[in-house]
Amino acid sequence: MFLTMQGGILGPFAWLFGKLLDFIYNLLAGDNGIANLGFCIIIFTVIVKIILLPLTIKQQKSTKINAIIQPELSKIQKKYKNKKDQESMLKQQQEIQAVYDKYGTSMTGGCLTTLIQFPIIMGLYRVIQNVPAYVGKIKDMYSPIANAVIDSQGVDKAQQFIIDFVSENKVSSASYAINKFEKLSEIDVDNIIDVLSNFGISNLNTLIDTIKMTGDNILAGNVEKIDTIHSFILGINISEAPGYHLSWALCIPFLSAFFNYLSMKVTTGKQDQQMEGQTAAMMKSMQITMPLMSVFIGISMPAGIGIYWTMNAFLSLLTQIGINFYYDHADMDEILKKQMEKAEKKRKKNGGKKSFMERMMENSEAAQEELEKREAMRKNAVTPLKSYVPSKETQQTVENSQKKQYKSGSIGAKANIMLSYNNSNQKEEK
């Protein structure tokens, strides 16, 4: 059960983000503070962006250098443009890698920050899906309701009661939680909170009316608090997905797509004119697919995820504008010179040790040479058989043997085929 914190590979990410979210919530929800998860996620996004800022700057520096050295790369690509054999393609990759090594950069240097975003998104998704497991004060809001269910139904019947309630009221948002809940042999308050945290406010009120416990006013007050912390601007509930129907929540995925598109345009604007072939096609494709992915994430996942994705795209846009301003006014020749010196020092420090890409290319080249050697040996072995001219006595014996029928697939049958082939070649040469 993902109650009480996510496990597996995402567990450490969810634990870390949960602790951060708990800290931010407690900070905002102090005396007369703002106890709102939407604002907590915005602050969380800013903090994550600041933590990743050095990595982002390094990524953009690599991207800028790759754009400047593009003419050198294009020259190599034109050199091997019409050569499609494996040897030429291998040499092309080696020359391109040599250029990257000279400047201490790589063709994948700008992808790292993007890849890091995915575990952050998935870890944050688990936290938002089960906030009470990570934020103690919010768990305290659900605990009285979960205890009321157990008190009214008894421990033995509470599990089936929750399962029947979800089914009868068609609480689709709790489908994932209830599937796990059904498989538990024993349940406790935490297990019930896991399911309740996926209920909407109306479902929580219906649940209170159903169990008809004394102290309903206290439970209703808890539901009101839960509603308050999940209500963002314009009445958007951050625990629910916007879905494919008209609502203010749809602003989130479309704002996310808009900021993502602008951020990518600002990032690759000047590079688009310099890029050619597959690289240019890939960049143009990403400018379309990334915003579309933002829309999908924002519509199908809880609005809290969309808020993070939108805020992240907006901050990326501002960061990129600042980075562009710096590099547009910087001496790129001096930056390239320092980059080359840094790359040379790194090579000397490694004692001439080759990089992973260099070793991989050398292995590919060695494999290609071994393949060519084997092919040459095979041809040399076949050539003497083709040029062999038998004597008259041997020829007569062959002709007699060819008249004899051998079983299909036998050595004799195969020998007849080879002799017939040689005879036909000799006739053609005459």
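**Figure 1. K79 of helix α3 pairs with E95 of helix α4 in this predicted model.** K79 is partly exposed, because its relative accessible area of 48% falls short of the 50% needed to count as exposed. Its partner in a salt bridge is E95, with N and O 3.2 Å apart. The two residues sit 16 positions apart and link distant parts of the chain. E95 is also partly exposed, at 26% relative accessibility.

**Figure 2. K102 and E72 form a salt bridge.** The N to O distance is 3.3 Å. K102 belongs to helix α4 (residues 86-103) and E72 to helix α3 (residues 70-79), so the contact ties together parts that are 30 residues apart in sequence. Relative accessibility is 33% for K102, which is partly exposed. E72 has a relative accessible area of 30% and is likewise partly exposed. Side chains of opposite charge can pair when their charged atoms come close.

**Figure 3. K139 and D190 are joined by a salt bridge.** Their closest N and O atoms lie 3.0 Å apart. K139 is in helix α6 and D190 is in helix α9 (residues 189-196), so this pair ties together parts 51 residues apart in sequence. K139 has a relative accessible area of 28%, which makes it partly exposed. D190 is partly exposed too, at 23% relative accessibility. The count of salt bridges in the model comes to three.

**Figure 4. Helix α6 carries a kink at Y142.** The helix covers residues 136-153. At 1.5 Å a residue, its 18 residues should span 26 Å, and the end C-alpha atoms are 26 Å apart, so expectation and model agree. The kink is about 30° and comes shortly before the proline P144. Nine positions can be picked out as buried: I138, M141, Y142, S143, I145, A146, A148, V149 and I150. An α-helix has 3.6 residues a turn, so residues three or four places apart point the same way. G154 follows α6 and has a positive phi, near 90°.

**Figure 5. One cavity of 30 Å³ or more is present in the structure.** The largest cavity has a volume of about 40 Å³. Its lining consists of Y142, S197, F199, G200, I201, I226, H230, N237 and S239. By class, four of these residues are nonpolar, five are polar and none is charged. Y142 appears in this lining and also marks the kink in α6. Rolling a probe the size of a water molecule over the atoms shows where empty space is left.

**Figure 6. V223 is a buried residue of helix α11.** The relative accessible area of V223 is 2%, under the 20% limit, which means that V223 counts as buried. In sequence, V223 and L204 are 19 residues apart. In space, their C-alpha atoms are 6.8 Å apart.

**Figure 7. H245 lies in the loop between α11 and α12.** The flanking helices are α11 (216-230) and α12 (251-268). H245 is partly exposed, with a relative accessible area of 48%. The C-alpha atoms of H245 and I299 are separated by 9.6 Å. Along the chain, H245 and I299 are 54 residues apart.

**Figure 8. L234 has a positive phi in the loop between α11 and α12.** Phi of L234 is near 60°, although L234 is not a glycine. L234 has a relative accessibility of 53%, over the 50% limit, so L234 counts as exposed.

**Figure 9. K170 has a positive phi without being a glycine.** The value is about 50°. K170 is found in the loop between α7 (155-168) and α8 (175-182). K170 is exposed, with a relative accessible area of 72%.

Note on methods. Residues numbered from 1 in each chain as written. Predicted model: local features only at pLDDT ≥ 70, side-chain atom pairs only at ≥ 80, totals over all residues. Heavy atoms only, no water. Helix = DSSP H or I, 4+ residues; strand = E, 2+ residues; numbered from the N terminus. Expected span 1.5 Å × (residues − 1). Bend = angle between axes of the 7 residues up to and from the residue. Buried < 20%, exposed > 50% of the residue type's maximum accessible area, 1.4 Å probe, protein only. Salt bridge = Lys/Arg side-chain N within 4 Å of Asp/Glu carboxyl O. 1 Å grid on protein atoms, 1.4 Å probe; cavity = no way out; pocket = protein on both sides within 12 Å on 5 of 7 lines; lining within 4 Å. Points joined across faces, edges and corners; volume = space filled by probe spheres on them. Nonpolar A, V, L, I, M, F, W, Y, C, P; charged D, E, K, R; others polar.
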